[in-house]
Amino acid sequence: MTRSLLRFAPRLVLFVALSFLGPLVAISQIQPASNPQLASKQVNDRVEALLQQMTLDEKIGQLVQFSAGYATGPGASNLKYDELAERGQVGSMINVVGAEATNHYQHLAVEKSRLHIPILFGLDVIHGHRTTFPVPLALAASWDPAAVETVTRQSALEARADGVRWVFSPMVDIARDPRWGRIIESSGEDPYLGSALARAWVTGYQQDDLSKPDSVAVSVKHFAAYGAAIAGRDYNATDMSEITLRQVYLEPYRAAVGAGAATMMSSFNSLNGIPVSANPFILTKILRDEWGFDGFVVSDWGAVAELINHSIGDGPTVARKAIEAGVDMDMEGNLYGTVIAAQVRSSKIPASVVDEAARRVLRVKFALGLFDHPYTTPTPAYDATPERRVLARKVADETLVLLKNDPVAGVGALLPLTAKAGKVALIGPLADNQRELLGAWSGQGEAKYVVTLRQALTERLGDKLLYAPGCGLLPGEDNQVLQEASFNGAAAVGHHAPLLDDSQAIAEAVALAKKSDLVVLALGESSAWMEGEASSRATLGFTGAQQQLLQAVSATGKPIVLVVLAGRPLEISWAAQHIPAILEAWSPGVEAGHAVADILFGDVNPSAKLPASLPRAVGQEPLYYAQLPTGRPAHGDLSHMPRDAGEKFMSRYMDVDNSALYPFGWGLSYTRFTYTQPTVSRAQVPVGEVLDPAHKSVATVGVDVKNSGSVAGTEVVQLYLRNTAASVEQPVRELKGFARVTLAPGETRHVEFPLGFDQLNFYNADIHRTVEPTTYKIWLGGSSLATAETALKVVE
Ligand code: NOJ
């Protein structure tokens, strides 16, 4: 009890001190304990009682994680894990999966080690465990926390059946540069959307009670700002102002901690010159002192040992820096296990530092109920049952973004397809490739369960469906190189489409297109080789001969529907100009084919919206809608800025428009939604009222949204604000609310959003979240281009 009070003491002092500053400074940056379970007396009493019995080596043992299965990074160690477990020197293991494998090590730890401390088994569960759902970027396109909840609940159940109590998910890094392959694991470019979904991931996995038989602990990654890698090159340095760091990049992590995240993963990158895995400002000052985080921090794979490459010291030095900064557990680097003890014995590292790290790890283990239920009961082998498929399909249906559906002369809009579609030619290297449709980092998911587009369209069209692969995904020799470079390679070998002679395959596809009434082209990039970790790209087009294929098929003059299958925003400018209908389908998982068919045939009305801007050219990257203003805006609001040959000395490109090809929040429906003029409940509010924590909301903004078409549909209503006069310049637009609204044809719904400190604040030059007198422009609509406008004044 006293100990927990002491833990909170610095926070209390800070809280009281800031309270005296009055309403000038908002105190909401100080939060109470992030997870009441981890702060509970019951858990902490058990932790303290155990700690008192532990030797230094046993404490350090809790701070060590090994991969005894496959490797998900370079330099995997090859130690005698059985012996280490028996000696109580393996706090955690990664990549050990299944009841049998986990129970094996658990028996050694629980029955043979001196203090019987169970091992915590962690795993990368990224978009489903055995049932593979759409990739996280696609899930973000649903703008639906309920979809994320479905994924996390199913994943947790399946992971627990495999002995996994801790998932290395969610990744909440803001990703504004699709050259970075890990954008696929993110929720995209926006801190508001990213934070809303971060909360959903955490509560879905943990359910506000880690000890439930179907809960798993999360590890929120990669803390911090890993997504801002310079030039989009993975593992690269990041460098940004503290205001941008806090206002943009830290927001989703803060939301995840506020939702009770049990653990965080420290990232590989350096931030403003200091590697994050040795950065006390990030790992202690912000995470613990400001946010009240009570869980533990695990390093990313080998990130502690890699501090040597960052040139901040030798092995013992970097281990000391890491543990003192706040990295509690060393993932796979085998540095804590080898160099910490001697430094504690020689008083280079205070014993209290190791005690505190061990305390944090044990707290999570007790809260998980691991001491009471360390083993996993074997269950029948996994099967993709119809119930699981229903879940995967329902979620995937919500993630496909209809980018374009222009009328074709004499035919009208191509989508949705009708039964009278006639002969349909399905063409493309991604149309019938199970492995590729599963998506990157599909973990324990198996390609054999994937329903391809070819299978699903055959179910609907029978022999009216014609098929040709059209070309390879990559040129032959690149396939070879990438297979060797990919850590996922072993799993993917054998599932890859055979190498093709591209010219011949294109000729065959063109001949097939000519015989058909309509073409569905399934193009993109290789999820197995080009997406996810260590998969940055310097170009963003379709890979291999796919662009040639697209143009050759287009030249037949047949109506074409393009389905883009990729884990990042690709550069599809040519297609956007020449192809009338385009569906962004990402990597949809096991129900890929069915979900694409559901949308193509209109059984499901598309509702997804882009979580990241699609560029016109790769040179625009990083491209995002919430840009800061410039002194030379070519056309006012940057998000609308077209190329303007009339004005030379403006902030613009000479060769492409500044704007996105398809902007953040964009997505069409088979119906049409119209918005009335939005209204605010009060035209002006005093600043003191906004700053007063007693008022969550000081006004509301509302709009009527009408389904003006003839089919039911779901609209994601989006609220954007612009602070027009702050002491620190603010983005030209920022998302501050959204709601999914399902409307019958002709139906109108009034949608309202609160406006309060949370929506209106920004970081001032003193790094305090605050609100000043100003006018906020407010837009409501179906994308970041929303035009229905109103305003709110904040006055002295
Ligand atoms: C490295 C990755 O960056 C991280 O996301 C992952 O959780 C770990 N490896 C463990 O596989």
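Between which strand and which helix does the loop that holds Ala-231 lie? In this predicted model, Ala-231 is found in the loop that connects strand 5 with helix 10 (242-249). Ala-231 is not a glycine, yet its phi is positive, at about 65°. With a relative accessible area of 46%, Ala-231 is partly exposed, because values between 20% and 50% fall between the buried and exposed classes. A positive phi of about 65° is also found at Ser-347, again a residue other than glycine. Ser-347 belongs to the loop between helix 14 (336-345) and helix 15 (351-367). Its relative accessible area is 61%, so Ser-347 is classed as exposed.

Two cis peptide bonds may be described alongside these backbone features. One joins Ser-169 to Pro-170, with omega at about 0°. Pro-170 is located in the loop between strand 4 (166-167) and helix 9 (191-206). Another cis peptide bond links Leu-415 and Pro-416, and here omega is about -5°. The loop that contains Pro-416 runs between strand 13 (412-413) and strand 14 (424-427).

Strand 5, which precedes the loop of Ala-231, is part of an open sheet of 8 strands. The strand order is 9-6-5-4-3-2-1-10, and the pairing is parallel. Strand 9 and strand 10 (330-331) form the edges, each pairing on one side only. Within the sheet, strand 1 (residues 64-67) and strand 2 (residues 92-94) are paired in the parallel sense through 3 bridges. Gln-65 has Ser-92 of strand 2 as its bridge partner. Strand 5 (residues 217-223) and strand 6 likewise pair in the parallel sense, over 3 bridges. Here Val-220 is matched with Met-264 in strand 6. Strand 6 (residues 263-266) also pairs with strand 9, in the parallel sense and over 4 bridges. In this pairing, Ser-266 is positioned opposite Ser-299 of strand 9.

Strand 6 is covered on both faces. Thr-263 and Met-265 are buried on one side, and Met-264 and Ser-266 are buried on the other. Strand 9 (residues 296-299), although an edge strand, also has both faces covered. Phe-296 and Val-298 are buried on one side of strand 9, with Val-297 and Ser-299 buried on the other.

The surroundings of Ser-299 can be given in further detail. Ser-299 is a residue of strand 9, and its relative accessibility is 0%, so it counts as buried. Beyond neighbours within four places in sequence, Ser-299 contacts Met-265, Ser-266, Val-304, Val-327, Met-329, Asp-330 and Met-331. Among these, Met-265 and Ser-266 are buried residues of strand 6. A polar atom of the Ser-299 side chain lies 3.0 Å from the backbone nitrogen of Met-331.

Around the ligand there are 14 residues, of which Thr-72, Asp-124, Arg-182, His-222 and Asp-300 come nearest. An N or O atom in the side chain of Asp-300 is 2.5 Å from an oxygen atom of the ligand. For Arg-182, the separation between a side-chain N or O atom and a ligand oxygen is 2.6 Å. Lys-221 places a polar side-chain atom 2.9 Å from an oxygen atom of the ligand. The ligand taken alone exposes 290 Å², and 100% of that is buried by the protein.

Outside the sheet, helix 3 (residues 41-53) comprises 13 residues. From its first C-alpha to its last, helix 3 reaches 19 Å, close to the 18 Å expected at 1.5 Å a residue. The buried residues of helix 3 include Val-43, Asn-44 and Val-47. Glu-48, Leu-50 and Leu-51 of helix 3 are buried too.

A further buried serine, Ser-607, is situated in the loop between helix 25 (592-600) and strand 19 (673-675). The relative accessibility of Ser-607 is 6%, and it is therefore counted as buried. Not counting residues up to four places away in sequence, Ser-607 touches Glu-398, Thr-714, Val-716 and Arg-740. With Arg-740, the contact includes a polar one between the two side chains, at 3.5 Å.

Conventions. Residues numbered from 1 in each chain as written. Predicted model: local features only at pLDDT ≥ 70, side-chain atom pairs only at ≥ 80, totals over all residues. Heavy atoms only, no water. Buried < 20%, exposed > 50% of the residue type's maximum accessible area, 1.4 Å probe, protein only. Helix = DSSP H or I, 4+ residues; strand = E, 2+ residues; numbered from the N terminus. Pairing = 2+ DSSP bridges. Expected span 1.5 Å × (residues − 1). Polar contact = N/O pair within 3.5 Å; in protein donor to acceptor, adjacent residues only side chain to side chain. Contact = heavy atoms within 4.5 Å. Near = heavy atom within 4 Å. Areas by Shrake-Rupley, 256 points an atom, 1.4 Å probe, with all protein chains shown as cover.
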